[in-house]
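Reader: I am a first-year student, and I would like a close look at one part of this model. Please pick one helix and walk me through it, with its partners. Keep it brisk.

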Amino acid sequence: VASSSSSGGGHWEEALLAYSRRRVPEGHALLDLSLGPSEEAGPLRKALYGVSTFVGTVLSRFGIGAPPLQTQATTTMTPFAEMRRERDVYFGEFPSAEAFDEEITALAAETPARQPVEA
């Protein structure tokens, strides 16, 4: 939030909006990656994800292919949203950055401004 407040011109509402635009997609992606494909993905996608994860883990031990998701998440600077989008075939489509931005902006517009509290 601190880095967002400098780009928000000192206005907390703007800073929180900027922070949300950056972090909400990452939070959604991390949740998806943590839980695996949902029931909406269907049994075929869930099975493909399981097989792909297993094969990827085994092959990565021999230096073949990409490292497992856990390794990528902890040793690279790749955003979680990007990792999640790379797995759309298993999870279903992940919203674009623009879609998240539109949703967050719409929610912010619906939220009434807070009035200062007098002491």
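**One helix and its contacts**

Author: Ala99 has a relative accessible area of 31%, so Ala99 is partly exposed. The cut-offs explain the label: buried means under 20%, exposed means over 50%, and partly exposed lies in between. Keep in mind that this is a predicted model. Ala99 sits in helix α7, which covers residues 97-110. Now look across to Pro25. Ala99 and Pro25 are 74 residues apart along the chain, yet 9.7 Å separates their C-alpha atoms. Pro25 is one of the buried residues of α2. That helix is our subject.

Start with the length of α2. The helix runs over residues 12-35 and has 24 residues. At 1.5 Å a residue, a span of 34 Å is expected. The C-alpha atoms at its ends are 33 Å apart, which agrees with that value.

Next, the bend. α2 has a kink of about 30° at Arg21. The kink comes shortly before the proline Pro25. Past the end of α2 comes Gly36, and its phi is positive, near 85°.

Which residues of α2 are buried? They are Ala15, Ala18, Pro25, Glu26, Ala29 and Leu33. Arg21 is another case. Its relative accessibility is 34%, so Arg21 counts as partly exposed.

Arg21 also has a partner. Its side chain meets that of Asp101 in a salt bridge, at 2.4 Å from N to O. Arg21 belongs to α2 and Asp101 to α7, so this pair ties together parts that are 80 residues apart in sequence. Asp101 has a relative accessible area of 30%, so Asp101 is partly exposed too. Recall that Ala99 is in α7 as well.

Now move along α2 to Asp32. Its side chain forms a salt bridge with that of Arg84, at 3.0 Å from N to O. This pair also links distant parts of the chain: Asp32 is in α2, Arg84 is in helix α5 (residues 80-85), and they are 52 residues apart. Are the two partners buried or partly exposed? Asp32 is partly exposed, because its relative accessible area is 24%. Arg84 is buried, because its value is 3%. The contact is part of a network of salt bridges that links Asp32, Arg84 and Asp88.

Stay by α5 for a moment. Glu86 and Arg87 meet through their side chains in a salt bridge of 3.7 Å, N to O. Arg87 has a relative accessible area of 13%, so Arg87 is buried. How many salt bridges does a search of the whole structure find? The search finds five.

For contrast, look at a nonpolar patch on the surface. Its area is about 680 Å². Val51, Phe54, Val55, Val58, Leu59, Phe62 and Ile64 make the patch. Ile64 lies in the loop between α3 (42-61) and α4 (69-75). With a relative accessibility of 48%, Ile64 counts as partly exposed, because exposed means over 50%.

Last, how confident is the prediction? The chain has a mean pLDDT of 86. Of its residues, 87% reach 70 or more. Helix α1 (residues 2-7) has the lowest confidence, at a mean of 51. The highest belongs to α5, at 96. That is the helix where Arg84, the partner of Asp32, is found.

Definitions and conventions. Residues are numbered from 1 along each chain as its sequence is written. Side-chain values use heavy atoms; hydrogens and water are left out. Patches are made of residues with over 30% relative accessible area and no salt bridge: like charges are joined within 9 Å, nonpolar side chains (Val, Leu, Ile, Met, Phe, Trp, Tyr) within 5 Å. Accessible areas come from the Shrake-Rupley method with a 1.4 Å probe; for residues, only the protein chains shown count as cover. A salt bridge is a side-chain nitrogen of Lys or Arg within 4 Å of a carboxyl oxygen of Asp or Glu. Helices (H or I, at least four residues) and strands (E, at least two) are DSSP runs, numbered from the N terminus. Buried means under 20% relative accessible area, exposed over 50%, partly exposed in between (1.4 Å probe, protein chains only). The expected span of a helix is 1.5 Å times one less than its number of residues. The bend at a residue is the angle between axes fitted to the seven residues ending there and the seven starting there. pLDDT is the predictor's confidence in each residue, from 0 to 100.
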